[in-house]
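User: I would like a close look at a single part of this molecule, explained slowly enough for someone in a first year of study. Please take one element and walk me through it from its outline to its individual residues.

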Amino acid sequence: MNLIAFWFLALVCIAVEVLGLVIGRQDVHYAGALAAAGVVAVHLLLTRTEGRHE
């Protein structure tokens with residue numbers, strides 16, 4: 001996963017979290033948070049398998 005895709009997905013997840021807070025729906029907020037954690041986890045796994053991690 002390149003950095004542009006990572007940041008795009010992370011920003012979409014953050015936008016979903018904020019939307020959930022604005023409209024008062026905790027389930028939407030939690031879904032965004034879980035998706036953001038998944039994006040970070042997949043990014044870390046892919047960078048480790050590619051050998052780019054310190």
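**A close look at helix α1**

Analyst: The buried residues of helix α1 pack against α2, which covers residues 26-50, and this pairing is a good place to begin. The model is a predicted one, and its chain has 2 helices and 0 strands.

Helix α1 runs over residues 3-23, and because each of its 21 residues is expected to add 1.5 Å, the helix should span 30 Å, which agrees with the 30 Å between its end C-alpha atoms. Within α1, the buried residues are F6, A10, C13, E17 and G20. Seen down the helix axis, these buried residues fall within an arc of 80°, so they line one face of α1. The general rule behind such a pattern is that an α-helix has 3.6 residues a turn, so residues three or four places apart point the same way. On the other side of α1, the exposed residues are I4, W7, F8, L11, V22 and I23.

Two neighbours in this helix show the contrast between the sides. F6 has a relative accessible area of 11%, which is under 20%, and therefore counts as buried, whereas W7, with a relative accessible area of 52%, is over the 50% cut-off and therefore counts as exposed. A search of the whole structure finds 1 aromatic pair, and F6 and W7 form that pair in an edge-to-face arrangement, with 5.2 Å from centre to centre and 70° between the planes.

Further along α1 lies E17, which counts as buried because its relative accessibility is 18%, under the limit of 20%. If its neighbours within four places in sequence are left aside, E17 is in contact with H29, G32, A33 and A36. The C-alpha atoms of E17 and D27 are separated by 9.4 Å, and these two residues are 10 residues apart along the chain. Just after α1, G24 takes a positive phi of about 80°.

It helps, finally, to set the helix within the whole chain. The C-alpha trace spans about 40 × 15 × 15 Å along its principal axes, and the chain has a radius of gyration of 13 Å, where a compact globule of 54 residues would have one near 10 Å. Of the 54 residues, 20% count as buried, and the accessible surface comes to about 4000 Å², of which 74% belongs to carbon and sulfur atoms.

Note on methods: Residues are numbered from 1 along each chain as its sequence is written. This is a predicted model: local features need pLDDT of at least 70, side-chain atom pairs count only at pLDDT 80 or more; totals for chains, interfaces and linings use all residues. Side-chain values use heavy atoms; hydrogens and water are left out. Helices (H or I, at least four residues) and strands (E, at least two) are DSSP runs, numbered from the N terminus. The expected span of a helix is 1.5 Å times one less than its number of residues. Buried means under 20% relative accessible area, exposed over 50%, partly exposed in between (1.4 Å probe, protein chains only). The arc is that of the directions from the helix axis to the C-beta atoms. Contact means heavy atoms within 4.5 Å. The radius of gyration is taken over C-alpha atoms; the globule rule is 2.2 Å times the number of residues to the power 0.38. Accessible areas come from the Shrake-Rupley method with a 1.4 Å probe; for residues, only the protein chains shown count as cover. Rings of Phe, Tyr and Trp (its six-membered ring) pair if their centres lie within 6.5 Å; planes under 30 degrees apart count as stacked, over 60 as edge-to-face and the rest as tilted.
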